[in-house]
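Subject: Structure for your review

Dear colleague,

Please find below the structure that I would like to hand over to you. I should be grateful if you would keep it open while reading the notes beneath it.

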Amino acid sequence: EEPGIDDMTSSLLLASSSGDLVAVALILGQNSVAADVNGCNKSSLSLLTPLHVACLLADGAMAALLVRHGADEFALDANGETPSDVVPEYGGLMGLLAKHESALVRAESDARALERERRQSKEFA
């Protein structure tokens, strides 16, 4: 366990640092013991929140999940930077989320197209 934070928050930081979206979703989905979605390891001196980490990894899916669960997009790290500040190449957090959203829309559209093709091929078989 990280000094100064609980087990669930420590697990959330570890899962986000390793890019494990499934683990982050599971941790955030625990109703009995809540992880602090804005928690950081104060002894590390970086003060990175899970959202900072998701942005550093340019992981839009994880960033979206964290924001949905109340991550503070204005939290400051030890350098005084918000999660948006660490992803300037995407136009900040909103750009990263928009890129993720457009990728989701494309994937959903492709899945619907494949399903239509599958149904049509069964009709003609």
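The notes that follow begin with the whole chain and then turn to one helix, the core and one loop residue.

Please bear in mind that this is a predicted model. The chain contains five helices and zero strands, and along the sequence these follow the pattern α-α-α-α-α. Of its 125 residues, 35% count as buried. The accessible surface amounts to about 7,500 Å², and carbon and sulfur atoms account for 55% of that area. If one takes the contacts between residues at least 6 apart in sequence, 61% of them join residues at least 24 apart.

Helix H4 merits your attention next. This helix covers residues 60–68, and its buried residues are Gly60, Met62, Ala63, Ala64, Leu65 and Leu66. At the start of H4, Asp59 places a side-chain oxygen within 3.3 Å of the backbone nitrogen of Ala61. Just after the helix comes Gly70, which has a positive phi of about 95 degrees.

The largest nonpolar core has 23 residues, and those that touch the most other members are Leu12, Val24, Leu28, Leu51, Cys55, Ala63 and Leu66. Two or more residues of this core come from each of helix H1 (7–17), helix H2 (21–29), helix H3 (50–56), H4 and helix H5 (92–123). Which of these helices gives the most to the core? It is H4, with five residues. Ala63 offers a good example to inspect on the screen. Setting aside residues up to four places away in sequence, Ala63 touches Leu51, Ala54, Leu93, Leu96 and Leu97.

Finally, I would draw your attention to Ala75, in the loop between H4 and H5. Is this residue, Ala75, buried or exposed? Its relative accessible area is 12%, and because buried means under 20%, Ala75 counts as buried. Apart from its neighbours within four places in sequence, Ala75 is in contact with Thr49, His52, Glu81, Thr82 and Pro83. Leu51 is 24 residues away from Ala75 along the chain, and the C-alpha atoms of the two are separated by 8.8 Å.

To begin your own inspection, I suggest displaying Ala63 with its contacts Leu51, Ala54, Leu93, Leu96 and Leu97, and then turning to Ala75 in the loop between H4 and H5.

Yours sincerely,
A colleague

How values were computed. Residues are numbered from 1 along each chain as its sequence is written. This is a predicted model: local features need pLDDT of at least 70, side-chain atom pairs count only at pLDDT 80 or more; totals for chains, interfaces and linings use all residues. Side-chain values use heavy atoms; hydrogens and water are left out. Buried means under 20% relative accessible area, exposed over 50%, partly exposed in between (1.4 Å probe, protein chains only). Helices (H or I, at least four residues) and strands (E, at least two) are DSSP runs, numbered from the N terminus. A polar contact is a pair of N or O atoms within 3.5 Å; within protein, one must be able to donate a hydrogen and the other to accept it, and residues adjacent in sequence count only if both atoms are side-chain atoms. A nonpolar core is a set of buried Ala, Val, Leu, Ile, Met, Phe, Trp, Tyr and Cys residues joined through side-chain atoms within 4.5 Å. Contact means heavy atoms within 4.5 Å. Accessible areas come from the Shrake-Rupley method with a 1.4 Å probe; for residues, only the protein chains shown count as cover.
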